[in-house]
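Let's walk through this fold together, starting from one element and working outwards. Keep the viewer open so that you can follow along.

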Amino acid sequence: MRVLLDEPPFWFHDLGNCLHDCLAVLLLARGFDPVGALGAVWQFHHDPAQVRGEEFYHPAPRPTLGETMFPFHPVRARWVHPADGAAGWDGLRQSLRASRLAIAAVDNFHMPIRPAFGDVHAAHLVVVWGYDDDTGEAYVLEPTPPLYRGPIPIADFLRARGSGNEARPATRDYFFAGPRIAHRWIDVEFTGPPPVTDTAWVAGVIRSNVDGFRDPAPTPTGRGGLDGLRHWLGDIGDRARGGDAETATGALGELYGVGWAAQGAAALHADFLRAAGRRLGRDELAQAGRQVDRLANEWTALRVFGAHGSTGKPGVTEQLGPRSRRLLAGVEEALDRLDATAAALVPEPAVAGAAR
């Protein structure tokens, strides 16, 4: 059997990770603005029980991936955890037969289109857009550089999907090896058209995000908002300074991995604000976007700092406190700016309940 959907469009963000890139491809293929959908929500949540050493790790304060990443858009997305490889491959094929692109977790060690092929194990995501049983090929889009759009042997693809993602010292990515791939994939469904993104809608989105940082909704585990970010950075510092070498390097490595989701969210929200400012002719949105963009770049410095520290570089842990305080102060300033921006766009009674 052969199922081949239209070639999916390419999309990539230099501060996002493979989860952002792959979801954006599916959004773009359905006529959604990726920045408008992915960048609308800006939040922070940390639950130690959720953290995994995967490039596509994303905190989940809500029950599903879609509710977490698309609270303002009619997009459902959920992780599928098949019992075995056959079930995982059947699920992907069913999605394609229903004319729906899918996102598959893979181990780059077994992906002939990745530089890590045959070298190091690392968890990653690709978009799947077809298969051909006669030629034994699966069709994938790799939006994270190096770009690839085309067939790979199904045998390689299935090995990558079922990999244990081994963390042996000689053949592992330092940050994204360890958790099994386990044939996981992301099922995405669009349940309606994009919302009308007028001034009232944008103001409601901003107020919802600010409320989420200042007064986050309670979750069964973990902490959210500005308090959650402050607690997590403090915990990283405590573990880096007070633990043994393994604990310290693990904490700083977490700063690199977990920080990627936070960095991507800030960068995309900055783009969202600036794009909305251009579209609506509101300079205050562009100014708020520039302020959030500075935070995205603060995350770059903090993540690289964590990466160097996690490999045993001396003299780094004492710098964590000042860097963390600078980031936290920047978030507070950005929230004040966003609060004022929403008020300038539409007085609060006019947008009460517009987005929450």
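Helix 8 is a good place to begin: its 36 residues reach 52 Å from the first C-alpha to the last, close to the 52 Å expected at 1.5 Å a residue. Bear in mind as you look that this is a predicted model. Follow helix 8 along and you will come to a kink of about 35 degrees, centred on glycine 259. Just after helix 8 comes another glycine, glycine 281, whose phi is positive, near 70 degrees.

Now let's look at the neighbours. Two packed helices are described by the angle between their axes and the distance between the axes. Take helix 9 to begin with, which covers residues 283-310, while helix 8 covers residues 245-280. The axes of these two helices come within 7 Å and cross at roughly 165 degrees. Since angles over 145 degrees count as roughly antiparallel, helix 8 and helix 9 are therefore roughly antiparallel to each other. Their crossing is left-handed. What kinds of residues make up the contact of helix 8 with helix 9? By class, there are 20 nonpolar, eleven polar and four charged residues in that contact.

Next, turn to helix 7, residues 225-242, which packs against helix 8 at an angle of about 150 degrees, with the two axes 7 Å apart. Helix 7 and helix 8 are therefore roughly antiparallel as well, and their crossing is left-handed.

Helix 6, residues 199-214, is another partner of helix 8. Here the axes lie 11 Å apart, and the packing angle is about 155 degrees. By the same cut-off of 145 degrees, helix 6 and helix 8 are therefore roughly antiparallel to each other. The crossing of helix 6 and helix 8 is left-handed too.

Away from these helices, a couple of loops deserve a stop. In the loop between strand 6 (137-142) and strand 7 (148-153) you will find proline 146. The peptide bond that joins proline 145 and proline 146 is cis, with omega about 0 degrees. Further along, asparagine 165 sits in the loop between helix 5 (154-161) and strand 8 (185-190). Asparagine 165 has a phi near 50 degrees, a positive value in a residue other than glycine.

Finally, zoom out to the whole protein chain, which has eleven helices and nine strands. Its radius of gyration is 21 Å, close to the 21 Å that the globule rule gives for 356 residues, so the chain is as compact as a globular protein of that length. Along its principal axes, the C-alpha trace spans about 60 × 50 × 35 Å.

Note on methods
Residues numbered from 1 in each chain as written. Predicted model: local features only at pLDDT ≥ 70, side-chain atom pairs only at ≥ 80, totals over all residues. Heavy atoms only, no water. Axes fitted to C-alpha atoms, helices over the stretch in contact; angles between N-to-C directions. Helix = DSSP H or I, 4+ residues; strand = E, 2+ residues; numbered from the N terminus. Parallel < 35°, antiparallel > 145°, perpendicular 65-115°, else oblique. Left-handed = near helix turned anticlockwise from the far one by under 90°. Nonpolar A, V, L, I, M, F, W, Y, C, P; charged D, E, K, R; others polar. Expected span 1.5 Å × (residues − 1). Bend = angle between axes of the 7 residues up to and from the residue. Rg over C-alpha atoms; globule rule 2.2 N^0.38 Å.
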